[in-house]
Amino acid sequence: MSNFFTKRREPFRFMVWLGIAGSVMLFTVLLAAYVIRSSGPNWANVKLPNVFLLSTIAIALSSLTLNNANRAFRQERFDNYRSYMTTTLILGTLFILLQGWGWRQMVLAGVDMQGNPAAGFVYMISGLHLLHILIGLIYLVIVLVEAWRRRPYIDSFVYSVNPPNQLKIRLVTLYWHFVDILWLGLFIFLLVHHGVDLKPLL
């Protein structure tokens, strides 16, 4: 019983879960507003840019490489850990670039937020999610910099057995998987309601 009261609390874990819960509520309200507004006037569905398919593949692969990084970290294969974390960061950055390319496709197609709430929702939903990705990338950079600064095995090992460092990596992983799953859900929702423009990439 005493262990229960003396156990060290983990406020950062609570903060991450609180942030996740807040994000879920935000997007739930946003999607509910989408459904309600879609039956109103001036609603004209627009096709999703085809490059969103590529960005979805990139973010899904980033979760796979992050899982591999965590496995390598636990098994003390620190060179592989650094490589997988670097790949995760690259894929996350690629996701952002592809999303930007998708917005460019929409702009070139004449899709803007004025006069068409459907287009506004697409920009808003993808833009808010992109903000979540940027936050995740910042923490990935922090963890990756720490990993590359400790290239000698002994330094990496000492870092890996430090509980606060283990917690940090677990929380970054938790958040990144969340934004990955969140995008998959949002993309499926938009895909069902809008479809994809299958024209060649511009």
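K168 is partly exposed, at 28% relative accessible area. Its side chain meets that of E146 in a salt bridge, with N and O 2.8 Å apart. That pair ties together distant parts of the chain, since E146 belongs to helix α5 and K168 to helix α7, with their positions 22 residues apart in sequence. E146 counts as buried, with a relative accessibility of 15%. Keep in mind as you look around that this is a predicted model.

**The other salt bridge**

The count of salt bridges comes to two. The other pair is D79 with R82, where the closest N and O atoms are 2.4 Å apart. How far along helix α4 are these two from each other? They are three residues apart, so about one helical turn separates them. As for their surroundings, D79 counts as exposed at 55% relative accessibility, whereas R82 counts as buried at 4%.

Here are both pairs side by side:

| Salt bridge | N to O distance |
|---|---|
| D79 and R82 | 2.4 Å |
| E146 and K168 | 2.8 Å |

**The overall build**

Stepping back, the protein has seven helices and zero strands. Read from the N terminus, the order is simply α-α-α-α-α-α-α. The C-alpha trace spans about 60 × 45 × 20 Å along its principal axes. Of the 202 residues, 44% count as buried. Now for the contacts between residues at least 6 apart in sequence: 85% of them join residues at least 24 apart.

The UniProt record, an unreviewed entry, puts the feature "transmembrane region" at residues 12-36, 48-69, 81-101, 121-145 and 174-196. Two of those stretches can be checked against the model here. Residues 121-145 are 100% helix and 0% strand, and the C-alpha atoms at the two ends lie 36 Å apart. Residues 48-69 come out at 86% helix and 0% strand, with their end C-alpha atoms 32 Å apart.

**The nonpolar core**

Which residues touch the most other members of the largest nonpolar core? They are Y81, M85, I133, L140 and W176, out of 55 residues in that core. The elements giving two or more residues to the core are α2 (11-37), α3 (51-74), α4 (78-108), α5 (117-149) and α7 (163-194). Helix α7 supplies the largest share, with 14 residues.

I133 is a handy place to start if you want to trace some of the packing by eye. Setting aside its neighbours within four places in sequence, I133 is in contact with I59, G92, F95, I96, W176 and V179. One of those partners, W176, is also listed with I133 among the residues that touch the most other core members.

**A cavity and its lining**

There is one cavity of 30 Å³ or more, and it holds about 50 Å³ of space. Its lining consists of F73, F78, Y81, R82, E146, A147, R150, S156 and Y159. Some of these names will be familiar by now. R82 is the buried partner of D79, and E146 is the residue bridged to K168. Y81, for its part, turned up among the best-connected residues of the core, those touching the most other members.

Which helices each supply at least two residues of this lining? They are α4, α5 and α6 (153-160). The largest share, three residues, comes from α4.

**An odd spot at E76**

One backbone detail deserves a look. E76 has a positive phi of about 65 degrees, although it is not a glycine. E76 sits in the loop between α3 and α4, and it counts as partly exposed at 34% relative accessibility.

What does E76 touch, leaving aside its neighbours within four places in sequence? Its contacts are Y153 and F157. E76 and Y153 are 77 residues apart in sequence, yet their C-alpha atoms lie 8.7 Å from each other in space.

Key. Residues numbered from 1 in each chain as written. Predicted model: local features only at pLDDT ≥ 70, side-chain atom pairs only at ≥ 80, totals over all residues. Heavy atoms only, no water. Core = buried A, V, L, I, M, F, W, Y, C linked by side-chain atoms within 4.5 Å. Buried < 20%, exposed > 50% of the residue type's maximum accessible area, 1.4 Å probe, protein only. Helix = DSSP H or I, 4+ residues; strand = E, 2+ residues; numbered from the N terminus. Contact = heavy atoms within 4.5 Å. Salt bridge = Lys/Arg side-chain N within 4 Å of Asp/Glu carboxyl O. UniProt positions renumbered as here; feature names shortened; annotations may be inferred. 1 Å grid on protein atoms, 1.4 Å probe; cavity = no way out; pocket = protein on both sides within 12 Å on 5 of 7 lines; lining within 4 Å. Points joined across faces, edges and corners; volume = space filled by probe spheres on them.
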